[in-house]
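Here are a few short exercises to work through with the model open beside you. Try each task before reading its solution.

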Amino acid sequence: MRGPGVLAAWTFRVIANTKLRRGVVATAGFIVLWEIASRTGISRIPAPSAVAVTFNDLMRDPSYWFSWYLSTQRVFAGFLAAMLLGIPLGLGMAVSRAFYGTVFPVFEVLRPIPPLAWVPASIIFWPTQEMSIAFVTFLGAFYAVVINVIGGAQAIDVRYYQAARSMGSSSWDIFRRIILPGTLPSIVVGATVGIGIAWAVVVAAEMISGGGSAGSMGGAKGGGLGFFIWNSYVGGSYTQIVVGMISIGIAGYISSALLRKLGELVTPWLREQ
Amino acid sequence: MKPEPVPSRERSLAETKAPPLRPDPRRRGEIRIADVVKIYGSEATGVRAVDNCTFDVPAGKITVVVGPSGCGKTTLLNAIAGFHSITSGTIHLDGALLCGPGRPKADPGPDRIVVFQNGALFPWKTIIENVAFGPMVQGRLNRKDAFEKARAMLAEAGLRNLESNYPGEISSGMRRRVEIARALMNDPKVLLLDEPYRALDSLTKSVMHEALLETFDRNQVTIFFITHDLEEAIFLGHRVVIMTTRPCRPKKILTVDIPQPRDYSVLTAKRFREYLDETIEAVHEEALKAFAAGERER
């Protein structure tokens, strides 16, 4: 008898919370309209009811979850590399005029090249396909991180430097106690934007490169979520396409929410009062 | 005004454990400004912000500099603080050259602490971390001792129970008081205040003024205070330096002979009104000039 109680409590919370209520109503409304559109033939995209059935089947299919695993792994590999390289690079450019003058022109020429344009070159350059995809993902996140770090560090008010200097701070103190915490909110923004781009890019990269036949689970459904979508399209399973799309939406949402939560933890002074 | 009574346990803690907050008797803080010129841009075509400016800031007194907005008061303060260079002239602090020939820009240092117009508490540090900042980066105190001293300093300023808040969580009036406490933690010779109460409403301002005078009484630190609020200038200042419009130089120096400690009843005293009238007259003339100059430029 536990189930109904929990459900009732949840329903009550949804009704009591305006923000949550609006979200639930909007989502439900969207699904209803979609269902109507599909059933009346206005839209040829499979109806949500059909998608739900496929989703349910896939939940018990390990290869579907392996696609999740592969894409997630690629996103986090690329994203972490982007953070590890992008934060020092951005800080370096913000701190040193000479370094900025040297690196920024190259950076600005490379930046407009879409990560997807790198896919062929990346496949040629990197020894394994896994590395090629992770590299393209890295590029997607990297630019967002660097640009935000530079902007954030440059936006620190000169008064903070002056105050710190007159209280006797060394350059290292200024870096550690002013520049680093002053840039942290922008690092969080860069990370949140960056991981979103990483998801967008990894899916496309998997579609183009054919996913990756690595591993025993490889093959039809083992190439990551992007490959999963493409493969479903080729195989004519339209409900699976939609499941793949929704999966990516959920993955991106969870990643961003996690980063935002983490961001709030490291920037406690920005919490709403 | 006495600080409000402290619960006995807390008071004994502050008295026994904290390092002494009494001012260093050797501390003076006399500033001599002589023939200072500041030109922004090239000497021929640049903007002359400060011109042949000469006056003294006596040690252990409050000197208030008033003048029309944009007249170059802040330029002078930045030169003393070591944030900006001067073009010529000299500035001495207790006989030692801060900036002058061959040394256009003074080194910023904890003997001259600025309290900024819009405040410069670090938003990412809690109140106690902000106040303890100076002694910690200077390596004079370790974290524990710096916090202890900061706690005592905050308590003395009537700012208890704020220490774990962030600056964004307290009122702007509180922030200014915390910032002055942070400045005093460095045992400065001079406090440089750049229109610190400009953005505050007049009620908060009056509370701030009394708090500042109280702080001054306790610490006897030299104060260099910039404002364009004339009442504020006379209420706070032992000496009021009225500046000309740009380029700025002293037009008139008043010695305000109203005994300290002052409180707000002074505002209605006859002497106070006389000083105020004198100041208004001098400043108004300059304001008219500044206005006319502005019209011409347009």
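**Exercise 1. Placing a residue**

In which loop of chain B does Ile86(B) lie? Then decide whether Ile86(B) counts as buried or exposed.

*Solution.* Keep in mind that this is a predicted model.

Step 1: Ile86(B) sits in the loop that runs between helix 2 (73–81) and strand 4 (88–93) of chain B.

Step 2: Ile86(B) has 28 C-beta neighbours inside 10 Å. The cut-off for a buried residue is 20 or more, so Ile86(B) counts as buried.

Step 3: Leaving aside residues up to four places away in sequence, Ile86(B) touches Val36(B), Val37(B), Lys38(B), Ala79(B), Cys99(B) and Pro104(B).

Step 4: For a sense of scale, Pro167(B) is 81 residues from Ile86(B) in sequence, and their C-alpha atoms are 33 Å apart in space.

**Exercise 2. Two domains in one chain**

Find the domains of chain B, then say which helix gives the most to the side of domain 1 of chain B that touches domain 2 of chain B.

*Solution.* Step 1: The division of chain B is into domain 1 (27–111 + 189–297) and domain 2 (122–187).

Step 2: Between the C-alpha centres of these two domains of chain B there are 26 Å. Their contact takes 13 residues from domain 1 of chain B and 12 residues from domain 2 of chain B.

Step 3: Helix 7 (residues 202–219) of chain B gives the most to the domain 1 side, with 6 residues. By class, that side has 9 nonpolar, 3 polar and 1 charged residues.

**Exercise 3. The faces of a helix**

Work out why the buried residues of helix 7 of chain B line one face.

*Solution.* Step 1: Helix 7 of chain B has 18 residues and reaches 25 Å from first C-alpha to last, close to the 26 Å expected.

Step 2: The buried residues of helix 7 of chain B are Met208(B), Leu212(B), Thr215(B), Phe216(B) and Asn219(B). Viewed down the helix axis, they fall within an arc of 100°, so they line one face of helix 7 of chain B.

Step 3: The general rule helps here: an α-helix has 3.6 residues a turn, so residues three or four places apart point the same way.

Step 4: The buried residues of helix 7 pack against strand 3 (62–66), helix 6 (172–184), strand 8 (222–227) and helix 8 (230–236) of chain B. On the other side of helix 7 of chain B, Leu203(B) and Asp217(B) are exposed.

Key
Residues are numbered from 1 along each chain as its sequence is written. Chains are lettered from A and ligands numbered from 1 in the order in which they are written. This is a predicted model: local features need pLDDT of at least 70, side-chain atom pairs count only at pLDDT 80 or more; totals for chains, interfaces and linings use all residues. Helices (H or I, at least four residues) and strands (E, at least two) are DSSP runs, numbered from the N terminus. A residue is buried if 20 or more other C-beta atoms lie within 10 Å of its own, exposed if 12 or fewer, and partly exposed in between; C-beta atoms are placed from the backbone. Two residues are in contact if their C-beta atoms, placed from the backbone, lie within 7 Å. Domain bounds come from an automatic or database domain assignment. Ala, Val, Leu, Ile, Met, Phe, Trp, Tyr, Cys and Pro count as nonpolar, Asp, Glu, Lys and Arg as charged, and the others, Gly among them, as polar. The expected span of a helix is 1.5 Å times one less than its number of residues. The arc is that of the directions from the helix axis to the C-beta atoms.
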